[in-house]
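User: Could you take a close look at one part of this model and then work outwards from there? I'd like one connected walk-through, with the numbers where they help.

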Amino acid sequence: MDMDIYLTNNLTNKKEKFIPINKDNVGMYVCGPTVYDDPHIGNARPIVVFDVLYRLLKNKFSSVNYIRNITDIDDKIIKSSQEKKISISDLTSQVTQSFNEDCAFLNCKNPSHQPKATEHIKQMIDMILELIKNGFAYENKNHVYFEVKKFTDYGQLSNKKLDELIAGSRIEVSDNKKKSEDFVLWKPSLENEPSWDSPWGKGRPGWHLECSAMSKKFLGDEFDIHGGGIDLIFPHHENEIAQSRCANNTKNFANYWIHNAFITISNEKMAKSQGNILKIKDFRKKISGQILRLALLSAHYRQPLDWSDKLLVECENTLNKWYNVYVSFDDKIIISYEILKPLYDDLNTPGYIANLHSLYEKAQKGNVEDKKLFISACQFIGLLNETKENWLDYKRDKISIKESEILALIEKRNKARGNKDYKKADNIRNELFDKGVLIEDKDGKTIWKFK
Ligand SMILES: [Zn+2]
């Protein structure tokens, strides 16, 4: 039986067996948010996808060091703080808090560390000094640039040829750079912008450098997995590789590059310019995070996911059904490899959800061991983490009744039936139905379900 995890590695464009550098401590870095605006549903996808990968790795390896950064210094942040007329520190702390609340809402485990860029400026300056010393970077007028043509492996991840990149570049060469393809490592700040002292004057780091410096601090020069959205492959991840390998003098940086695809809305890309941005925060008031999580896992992470109200209704119906077999228990249930297999095969979450449906079919026949297995398998990917009472509380608006009240009414109805007062019994059944609750008499017992 093959029990290895396979992942599609964008560095080699192949599905490969995952072999960590150190099986006792797996390292994973995922690019976190730039905290200039509240996260939207497109940002939620990598959060949930890499949370499932983290859970899978933790289940197999004794220790996993999962790092997801917060970019709290960037041009977008400066622009947004000016537009919103609030200070940069207020903006970044508000958005970071909102992001953390979104992660909790989506039932994601906290990463091992969530480093902030502004707390690692020294590491960034040190890395630039190394790059200059090694001949890969140059300074001009308080700017420092990475000289792309010096790094012959540039373009390996994004399958871009360096020559074509240089020849095809239409970006105007700025006064300060030698070549248009060179990218900034350090730049001066304007008077009202945040700045730090450096050997090149007061200024701030380039965005790409932040991830190279923070991954080095927490995971070392070479580590196992680097993840992020597909839009980050070029130039962000390409530049991270260039900086890290050239500063650290290594042949490799991250061994496996994993990227999630976009979320579309009615098959269109979600973008501010399209006016179709759905913020996670707005969902928090309306629906359970469980529904969002199931929806986000309903497509394979490498496939685009088309978001719609229909998808959310389907996921809510599925969860209603699943919560009907909910039981609480303390024993730890081992989930067999047979059940987990789709996840081992490149994190195939739709395949795993199909297995959950089969387990549910068994569970609803009433055997408590089957129920426990089903619930444990759901919880493995962060679903069914609420008690039935919590789920009911959430559904309160729709069914306007508490579980204790349902049980009291069922008892009242059974008494009425015992007294052969069938009219009263029917009235109670109808009362529950109007409140969104369906009752069924089975094997001399009465059970209830969401309508
Ligand atoms: Zn990054």
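Analyst: **Helix α13 and what surrounds it**

Let's start with helix α13 (residues 368-380): its 13 residues reach 18 Å from first C-alpha to last, close to the 18 Å expected at 1.5 Å a residue. Bear in mind that this is a predicted model.

Which residues of α13 are buried? They are K371, F374, I375, A377, C378 and F380. As general background, an α-helix has 3.6 residues a turn, so residues three or four places apart point the same way. The buried residues of α13 pack against four helices: α1, α10 (309-323), α11 (337-344) and α12 (349-363). Just past the helix you reach G382, which follows α13 and has a positive phi, near 80°.

Two of those packing partners deserve a visit. Take α10 to begin with, where L319 sits. L319 has 23 C-beta neighbours inside 10 Å, so it counts as buried; the cut-off for that is 20 or more. Setting aside neighbours within four places in sequence, L319 is in contact with Q290, I291 and L294. As for L319 and F50, they are 269 residues apart in sequence, and their C-alpha atoms are 22 Å apart in space.

The other partner is α1, which covers residues 41-60. Its 20 residues should span 28 Å at 1.5 Å a residue, and the end C-alpha atoms are 29 Å apart, which agrees. Is α1 mostly buried or exposed? Buried: 16 of its 20 residues are, so α1 is largely enclosed by the rest of the structure.

That leads on to the nonpolar interior. The largest nonpolar core has 104 residues, and V48, I128, L131, F146 and L185 have the most contacts inside it. Helix α1 supplies the largest share of this core, with 11 residues. The core also draws at least three residues from each of domain 1 (6-263) and domain 2 (309-390). For a look at one of its well-connected members, try F146: beyond residues up to four places away in sequence, it touches L131, F136, A137, D182, F183, L185, A242 and Q243.

Helix α1 is also part of a right-handed β-α-β unit, together with β3 and β4. Strand β3 (residues 26-30) has five of its five residues buried, so the strand is largely enclosed by the rest of the structure. In a regular strand the side chains alternate between the two faces of the sheet. Here both faces of β3 are covered, with V26, M28 and V30 buried on one side and G27 and Y29 buried on the other.

What does β3 pair with? One partner is strand β4 (residues 64-68), in the parallel sense over five bridges, with G27 bridging to N65. Another is strand β9 (residues 223-229), again parallel, over three bridges; there M28 has I225 as its bridge partner.

A further buried spot is in helix α7 (residues 233-248), which holds S244. S244 is buried, with 26 other C-beta atoms within 10 Å. Its C-alpha atom is separated by 5.6 Å from that of S212, although the two are 32 residues apart along the chain. Apart from neighbours within four places in sequence, S244 is in contact with S212, K216 and F253.

Next, a small sheet. Three strands make an open sheet in the order β12-β11-β13, with mixed pairing. Its edge strands, each pairing on one side only, are β12 (268-269) and β13 (305-307). Strand β11 (residues 263-265) runs parallel to β13 and is joined to it by three bridges, one of which takes I263 to L305.

Finally, zoom out. The domain assignment gives domain 1 (6-263), domain 2 (309-390) and domain 3 (395-450), and the centres of domain 2 and domain 3 are 26 Å apart, taken over C-alpha atoms. The chain has 17 helices and 15 strands, and its C-alpha trace spans about 95 × 55 × 35 Å along the principal axes. Buried residues make up 38% of the 451 in the chain. If you care about contact order, of the contacts between residues at least 6 apart in sequence, 72% join residues at least 24 apart.

Note on methods
Residues numbered from 1 in each chain as written. Predicted model: local features only at pLDDT ≥ 70, side-chain atom pairs only at ≥ 80, totals over all residues. Domains from an automatic or database assignment. Pairing = 2+ DSSP bridges. Helix = DSSP H or I, 4+ residues; strand = E, 2+ residues; numbered from the N terminus. Core = buried A, V, L, I, M, F, W, Y, C linked by C-beta atoms within 7 Å. Buried ≥ 20, exposed ≤ 12 C-beta atoms within 10 Å, placed from the backbone. Contact = placed C-beta atoms within 7 Å. Expected span 1.5 Å × (residues − 1). Right-handed = clockwise from strand over helix to strand, strands pointing away.
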